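Student: Please take a close look at one part of this model, the sheet together with what packs on it. I would like one connected account.

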Amino acid sequence: MKEKIKKARMISKITAQVTEYYLENGAENFHIKIDKENNEYTIHTFGYMDLSPKKVMEIKKVMSIHHDLEYGEYWELIGEGEDTDELILIARVCDSVDMNYENKIFELTLKKKF
């Protein structure tokens, strides 16, 4: 039972941080969907945001950081820093991150396997 609670809390924290990021950056009509298949969660998000090319490049750079098993131990810290720092931590605890920004639609797809 403890493992189930740990998984739920981790997915919840990731989702909360992504939601906060969208809202702090002026997202309109923000949507989030979580799919679970076996032991893999996929978090799909999209929202309408007006981002500068510089901001898009910054996000891409941050989100391109690869999954790091050691960071899995620090997932409880999600929500404790600046937005860029939080995106780095999310990128490191998730197994894959896919980002797209086109026509003012910002999309993130995050996958986490347990």
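Tutor: What follows starts with the chain as a whole and then turns to the sheet, the helices and the loops.

The model is a predicted one. The protein chain has 3 helices and 4 strands, and from the N terminus on its elements follow the order α-β-β-α-α-β-β. Of its 114 residues, 32% count as buried. Among the contacts in the chain with a separation of 6 or more, 60% are between residues 24 or more positions apart. The accessible surface is about 7300 Å², and carbon and sulfur atoms hold 48% of that surface.

The sheet itself is open, with 4 strands in the order S1-S2-S4-S3 and antiparallel pairing. Strand S1 (28–37) and strand S3 (96–102) are the edge strands, each paired on one side only. From one strand to the next, the twist averages 10°. Strand S3 runs antiparallel to strand S4 (residues 105–113), and 7 bridges join the two. Within this pairing, Val97 stands opposite Leu110 in S4.

Two helices can be described against this sheet. Helix H1 (residues 2–24) packs on the sheet and touches S1, strand S2 (40–48) and S4. The direction of H1 makes about 165° with that of S4. Helix H2 (residues 53–63) also packs on the sheet, where S3 and S4 are the strands touched. The direction of H2 makes about 170° with that of S3.

For H1, Thr15 gives a local view of the packing. Thr15 lies in helix H1 and counts as buried at 12% relative accessibility. Leaving aside neighbours within four places in sequence, Thr15 is in contact with Ile32, Ile34 and Ile43.

Tyr22 adds a second view of the packing, this time through aromatic rings. Tyr22 is buried, with a relative accessible area of 0%. The rings of Tyr22 and Phe106 have centres 5.3 Å apart and planes at 55°, so this pair counts as tilted. The pair links distant parts of the chain, since Tyr22 is in helix H1 and Phe106 is in strand S4, 84 residues apart. Phe106 is buried as well, with a relative accessible area of 1%. The count of aromatic pairs comes to 3. One of them is the pair of Tyr22 and Phe30, again tilted, at 4.3 Å centre to centre with 40° between the planes. Tyr22, Phe30 and Phe106 together form one aromatic cluster.

H2 can be read by its two sides. Its buried residues are Lys55, Val56, Ile59, Val62 and Met63. These residues lie on the same side of H2 because they cover an arc of only 130° around the axis. The general background is that an α-helix has 3.6 residues a turn, so residues three or four places apart point the same way. On the other side of H2, Pro53, Lys54, Met57 and Lys61 are exposed.

The remaining helix comes in through Ile88, a residue of helix H3 (residues 83–93). Not counting residues up to four places away in sequence, Ile88 touches Val62 and Ile65. Val62 is one of the buried residues of H2. Ile88 itself is partly exposed, with a relative accessible area of 24%; the cut-off for buried is under 20%, so a value of 24% falls outside that class. Ile88 is also 9.3 Å from Lys61, C-alpha to C-alpha, with their positions 27 residues apart in sequence.

Two loops between strands complete the picture. Asn38 is in the loop between S1 and S2, and Asn103 is in the loop between S3 and S4. Asn38 has a positive phi of about 55° although it is not a glycine. For Asn103, likewise a residue other than glycine, phi is positive and near 50°. Asn38 is exposed, with a relative accessible area of 65%, and Asn103 is exposed with a relative accessible area of 67%.

Technical notes:
Residues are numbered from 1 along each chain as its sequence is written. This is a predicted model: local features need pLDDT of at least 70, side-chain atom pairs count only at pLDDT 80 or more; totals for chains, interfaces and linings use all residues. Side-chain values use heavy atoms; hydrogens and water are left out. Two strands pair if DSSP finds at least two bridges between them. Axes are lines fitted to C-alpha atoms, for helices over the stretch in contact, and angles run from 0 to 180 degrees between N-to-C directions. Contact means heavy atoms within 4.5 Å. Buried means under 20% relative accessible area, exposed over 50%, partly exposed in between (1.4 Å probe, protein chains only). Accessible areas come from the Shrake-Rupley method with a 1.4 Å probe; for residues, only the protein chains shown count as cover. The arc is that of the directions from the helix axis to the C-beta atoms. Rings of Phe, Tyr and Trp (its six-membered ring) pair if their centres lie within 6.5 Å; planes under 30 degrees apart count as stacked, over 60 as edge-to-face and the rest as tilted.
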